[in-house]
Amino acid sequence: MKRLLLAVITLLIGRQAMAQMNDPLYDLNQKVHFGFSVIGTYGKMKFTRSTDFFTIDNDTIDNITSTNFPGLGVGGIMNFHLNEFWDLRSMVIVQVMSQRNLTYHYRGGATKTAMLQSTYFEVPLLIKYKSVRHKNVRCYVIGGLGYRYNFTNDAETQRSATKPIVGMRASTFNYDLGFGLDLYYPYFKFSPEIKLSNDIGNALIKDNYAFTRTLGGLYPKLIQLSLHFE
């Protein structure tokens with residue numbers, strides 16, 4: 001899949017470089033424009049153990065590991081053209097099927113898994129810096145801050161000593177850093193982009209059960225591969 005995606009992007013860049021220049025005034029004429037995105041995600045979960053992990057009564061849990069999964073999302077784009085090299089961008093993103101698992105390993109070989117499933121609503125505010133346009137190709141870097149709401153955070157889910165539930169805060173803030181390519185076509189602009197989108201601060205909700213008492217903090221992270229159409 002990675003090789004196929006790389007081949008498609010390489011082909012698109014090659015075609016763009018050979019083609020005549022498409023709409024050379026695109027960025028200058030459109031001070032505000034809109035678009036949409038198809039987003040592939042890969043969720044990761046950084047976690048820390050509690051400072052008293054080995055001393056609390058943790059039901060013989062002696063290790064915790066995480067498993068990451070791919071996801072999918074869609075988004076709407078609003079782009080404000082500031083000058084030749086700078087844009088201000090905002091998006092409304094809905095990401096679904098984002099999941100990370102925490103597996104608790106017990107002495108003796110038994111395991112229990114807490115599934116941290118997420119459905120995100122996200123609104124980032126981003127600054128985009130673009131290179132000089134070469135024919136129909138332009139490189140850029142992007143970064144900014146965002147607000148994220150997780151509809152499936154398990155904050156109110158019923159817990160028990162045998163039911164592995166790990167709740168996360170519904171509302172969090174995140175920072176984004178990434179880069180991409182603007183590829184100009186006669187009637188639209190296509191931009192493949194890769195971006196890191198990491199939560200700021202600890203998202204863990206503590207309770208009285210060993211599944212959260214053994215944790216010090218949870219820090220959700222996302223790798224986003226976006227295909228923007230503007």
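**Exercises on buried charges and strand pairing**

Lys130 is buried, with a relative accessible area of 0%. The exercises below use a predicted model.

**Exercise 1.** Find the residue that forms a salt bridge with Lys130, and state whether that residue is buried or exposed.

*Solution.*
- Step 1: The partner of Lys130 is Asp87, and their closest N and O atoms are 3.2 Å apart.
- Step 2: Asp87 belongs to strand S3 and Lys130 to strand S4, so the pair, 43 residues apart, links distant parts of the chain by the strand numbering.
- Step 3: Buried means under 20% relative accessible area. Asp87 has 0% relative accessibility and therefore counts as buried.

**Exercise 2.** Assign Asp176 and Lys195 to their strands and decide whether each is buried or exposed.

*Solution.*
- Step 1: A salt bridge joins Asp176 to Lys195, with 3.5 Å between the closest N and O atoms.
- Step 2: Asp176 is in strand S7 and Lys195 in strand S8, 19 residues apart.
- Step 3: Asp176 has a relative accessible area of 0% and Lys195 one of 2%. Both values fall under 20%, so Asp176 and Lys195 are buried.

**Exercise 3.** Trace the pairing of strand S5 and place Arg148 in it.

*Solution.*
- Step 1: S5 runs antiparallel to S4, joined by 11 bridges. Ile127 stands opposite Gly143 of S5.
- Step 2: S5 is also antiparallel to S7, with 13 bridges. Here Arg148 has Thr172 of S7 as its bridge partner.
- Step 3: Arg148 is also linked with Glu122 and Asp199 in a network of salt bridges.
- Step 4: Thr172 and Asp199 are among the residues that line the largest cavity, which holds about 40 Å³ of space.

Notes. Residues are numbered from 1 along each chain as its sequence is written. This is a predicted model: local features need pLDDT of at least 70, side-chain atom pairs count only at pLDDT 80 or more; totals for chains, interfaces and linings use all residues. Side-chain values use heavy atoms; hydrogens and water are left out. Two strands pair if DSSP finds at least two bridges between them. Helices (H or I, at least four residues) and strands (E, at least two) are DSSP runs, numbered from the N terminus. On a 1 Å grid over the protein atoms alone, a cavity is a set of points where a 1.4 Å probe fits but cannot get out, and a pocket is an open set with protein on both sides within 12 Å along at least five of seven lines; lining residues have an atom within 4 Å of a point. Grid points are joined across faces, edges and corners, and a volume is the space filled by probe spheres set on the points. A salt bridge is a side-chain nitrogen of Lys or Arg within 4 Å of a carboxyl oxygen of Asp or Glu. Buried means under 20% relative accessible area, exposed over 50%, partly exposed in between (1.4 Å probe, protein chains only).
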